[in-house]
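Hello,

Here is the structure you asked for. My notes on the ligand site and the sheet follow below it.

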Amino acid sequence: MRIAIPHTRQNPDIRFLGRLLGDVIRAYGGDALFRRVEYIRSASVDRHRGIAAPDSIELGLDALTLDDTISFVRGFMLFSMLANLAEDRQGVAAEPGADVAQAIARLEAEGIDRDRVTALLQQALVAPVLTAHPTEVRRKSTIDHRNHIAELMKLRDMGRTETDGGELVEEAIYRQIALLWQTRPLRRERLYVADEVETALAYLRDVFLPVIPALHARWERALGQRPPSFLKPGSWIGGDRDGNPNVTADSLRLALGRAAETVIGHYLDLLHRLGAELSISTELTPVTEEVIALAERSGDNSPSRSDEPFRRAITGVYSRLAATYRVLVGREPPRPPASADAEPYAYPADFRADLVAIAHALARDGDGALAGGGGLGRLIRAVETFGFHLATLDLRQNADVHERVVAELLNSAGVEADYRALDEEGRVALLRRELASSRPLSSPYVTYSDETASELAIVHAAAEAHARYGAEAITTYIISKAESVSDLLEVHILLKEAGLYVPGDTPTSAIMVVPLFETIADLENAPKVMTAWFALPEAATITAARGVQEVMVGYSDSNKDGGYLTSVWSLHQASRALAPVFERAGAAMQLFHGRGGAVGRGGGSSFMAIRAQPPGTVAGRIRITEQGEVIAAKYGTRESAVTNLEAMASATLLASLEPPQLAEAEYERFAGAMAKLSDTAFHAYRDLVYGTEGFRTFFRQFTPIAEIADLKIGSRPASRTKSDRIEDLRAIPWVFSWAQARVMLPGWYGVGQALAAFEDRGLLAEMVEGWPFLQSTLANLEMVLAKSDMEIAGHYVALVEDQAHGQAIFDRIRDGWHVTRDNLLDITGQSRLLEKSPALDESIRLRLPYIEPLNHLQIELLKRHRAGEDDPRIHEGIQLSINAIATALRNSG
Ligand code: PGA
């Protein structure tokens, strides 16, 4: 394709890749297809330039056969994917201060010295947590081809004309694009949990394992001393059962087993390389007693290495680790050890201790023994970070499930016939009594319901995992839809069944139980629940022993419940109000942000979002979910991972140590205004979504929600229940379907009405100028407005059966959009959207002409599908269009 975008500085890579894609389409799809695609493309571009009739695209689209439609959609999807790639190459984070060295410099300039940074890092935890939320529409094979093209583009940047294999670089890129063209974009088969486990493992193995130790080495230089391993990955895959009956105790075992295999296999490779490297001879260098002892115990008696104690020591360590592999993975490692009967390491710390002994001997003078840059230093860092478990795996289940399971256990043990009939006070009293008793509730001789049996199996599998891989393998159990103290107690009861909670004078819990607050009301209530929780002596004891307690907050469900502005404000308020509760309880607060890629699910720049957290709520500890398409975008290559992890770590430092940007009085003034704004926005949103007669039907007909539920992009079912109430719908398909219809309602609805009704424009201007929280909120909103398009959205009304009613609802939405845009421009002093963000403006404008024809085709195909046409190509075309629009918008849902 030839790419011609008006009024913008074109990214030359986009032009280059677009040309190659055009060549591929011509070569593989034929000249006629190429010309049709090109015609529609240029008509759409012209229309976006404002120089063509509005209906010219539809004219071009009408002429497409079903087969051509499918090829066309694939072409546009690939273009978007290549444009994303070209853009990613330009660097992800242009934000100032977005790496740790810059953050340290900035803090120093503000009078905060390195010692404070170092002190903070002693207690710090920064954790990106990979989840399998179903929003990645691309197959892994497609993403792999894309990454290969990115590698080849790097060679091209370096001025290389040939690949290592001797192929011309440009031809190799062409060949990759041709492979993409011939790769089926849609999955044939549904995804299983095991597939999700493997996908995450690929990122952990290829990106996180090498990148995190290298980053710590870099930070060590910036700090002038070795920081503890504070950046650690987490995962939900195989442990998150909320609404996913496919995740069972076996999934947990599989996920942990594969992780152990991967990480220990990685250590074995590194040790093998170190063995080759450390050819130091005692004839030339003295060696410490410790290393000599390791060498003597190694079982390596080869005469050729008798003067090479480091090599022999490494051989011994290798044998012990190989034995560990044998125990934890259940088979021989790929490269057999020198000695087959070495003793396995019981804990990662023992393995680390041997490595440290070798490092000390190497450093000789004692300084810099663990220095991060060399192979051994990186291995030590890796062991500290990844242990034998690779990524900490969280458990998650819904509070309703715990309630049913505990009720069944109490009933079958003859303790309480109807637990669910008790009020909160009664429940708490009963559960606390049970927690104090060491007698278990469950019995191997009782047959439980499938749900209860499965939940019991999970806690037993978790206990087993602790014994096998160490306590870091599973540190956290998250309760979805948590709202009360009894929700927390119920999970402790389950943990007790597996010996993970031990009652007594000083009770202990080997796994931290974490409430996830996710509706507006639950967020408001969170400080009360936590206060009541900490007031329980057993909770106080286990918290004191741990020193830290986590609370998770949910972005998308609060948004679905109360709209964008109220959601972000409630999250902010809840975090702020929780800080003193934790302080009084003497516990460090760790917030876990459950956010997805789309703004309606908390998406947007993580750097900005972390920095905009209320003062006193980060303090060096933060966990954030990384989901779906965000994982490939942030961690698809080592370079992008370095950029994104640097940004996450530096934002954490800045948010923890910088003085608050607002004085208390100013904050109070701004907060008062926000409360008002949020209140108006809340009512506008609730009126539309929950208070409008027939809104549910409108939503189901207007958007491709039903077809999205059909996409084979995740192992979990699209909804938890059969109900079609919006309250019961999962947040992902809700946000996803609004994005497809280009409305993106969860990213903005209600904000315009709130801004319009707010009279003190001067105060608003002050807030926009001086409050990072509002800046980040509005920046995300602005991006969403720029990606949405009310004119295109208007065409989706044709899908609604009751046209008059559909139009009336849509008119309200459209008016809301205009009011939002106009007010945003007014308070940000712009004459058009993204006027002050030229790079983003250019990126979005480049895409728009490529999305619009996809929307028109999607509408036509949906009409035919819903009219009962059963040609399978129609279904395929719809799925492809969903895929292509999601790719072009860069965020699915
Ligand atoms: P959940 O996630 O439905 O799994 O809680 C919601 C989301 O991430 O949007």
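**Ligand site and sheet**

In this predicted model, a polar side-chain atom of Gln627 is 3.4 Å from an oxygen atom of the ligand. On its own the ligand would expose 280 Å², and the protein buries 96% of that. Two arginines also reach ligand oxygen. For Arg601, the distance from a polar side-chain atom to an oxygen atom of the ligand is 2.5 Å. For Arg396, a side-chain N or O atom is 2.7 Å from an oxygen atom of the ligand.

Where does the ligand sit? It occupies the second largest cavity.

Now the shell. The residues around the ligand are His133, Arg396, Ser556, Asp557, Arg601, Gln627, Arg716, Arg730, Ala731 and Ile732. By class, the shell has 5 charged, 3 polar and 2 nonpolar residues. Two helices, α21 (555-562) and α29 (731-740), each contribute at least two residues to the shell.

Next, the sheet. It is open and has 9 strands, with parallel pairing. The order is β3-β2-β1-β11-β10-β9-β8-β5-β4. Why is one side of β3 (392-393) and of β4 (395-398) left without a neighbour in the sheet? Both strands stand at the edges, each with a single partner strand, so one side of each has no neighbour there. Arg396, from the ligand shell, falls within the range of β4 (395-398).

Inside the sheet, β8 (residues 512-517) and β9 (residues 548-554) run parallel and are joined by 2 bridges. Leu516 has Met552 in β9 as its bridge partner.

Best regards

Conventions:
Residues are numbered from 1 along each chain as its sequence is written. This is a predicted model: local features need pLDDT of at least 70, side-chain atom pairs count only at pLDDT 80 or more; totals for chains, interfaces and linings use all residues. Side-chain values use heavy atoms; hydrogens and water are left out. A residue is near a molecule or strand if one of its heavy atoms lies within 4 Å of it. A polar contact is a pair of N or O atoms within 3.5 Å; within protein, one must be able to donate a hydrogen and the other to accept it, and residues adjacent in sequence count only if both atoms are side-chain atoms. Accessible areas come from the Shrake-Rupley method with a 1.4 Å probe; for residues, only the protein chains shown count as cover. On a 1 Å grid over the protein atoms alone, a cavity is a set of points where a 1.4 Å probe fits but cannot get out, and a pocket is an open set with protein on both sides within 12 Å along at least five of seven lines; lining residues have an atom within 4 Å of a point. A molecule sits in a cavity or pocket if more than half of its atoms lie within 2 Å of its grid points. Helices (H or I, at least four residues) and strands (E, at least two) are DSSP runs, numbered from the N terminus. Ala, Val, Leu, Ile, Met, Phe, Trp, Tyr, Cys and Pro count as nonpolar, Asp, Glu, Lys and Arg as charged, and the others, Gly among them, as polar. Two strands pair if DSSP finds at least two bridges between them.
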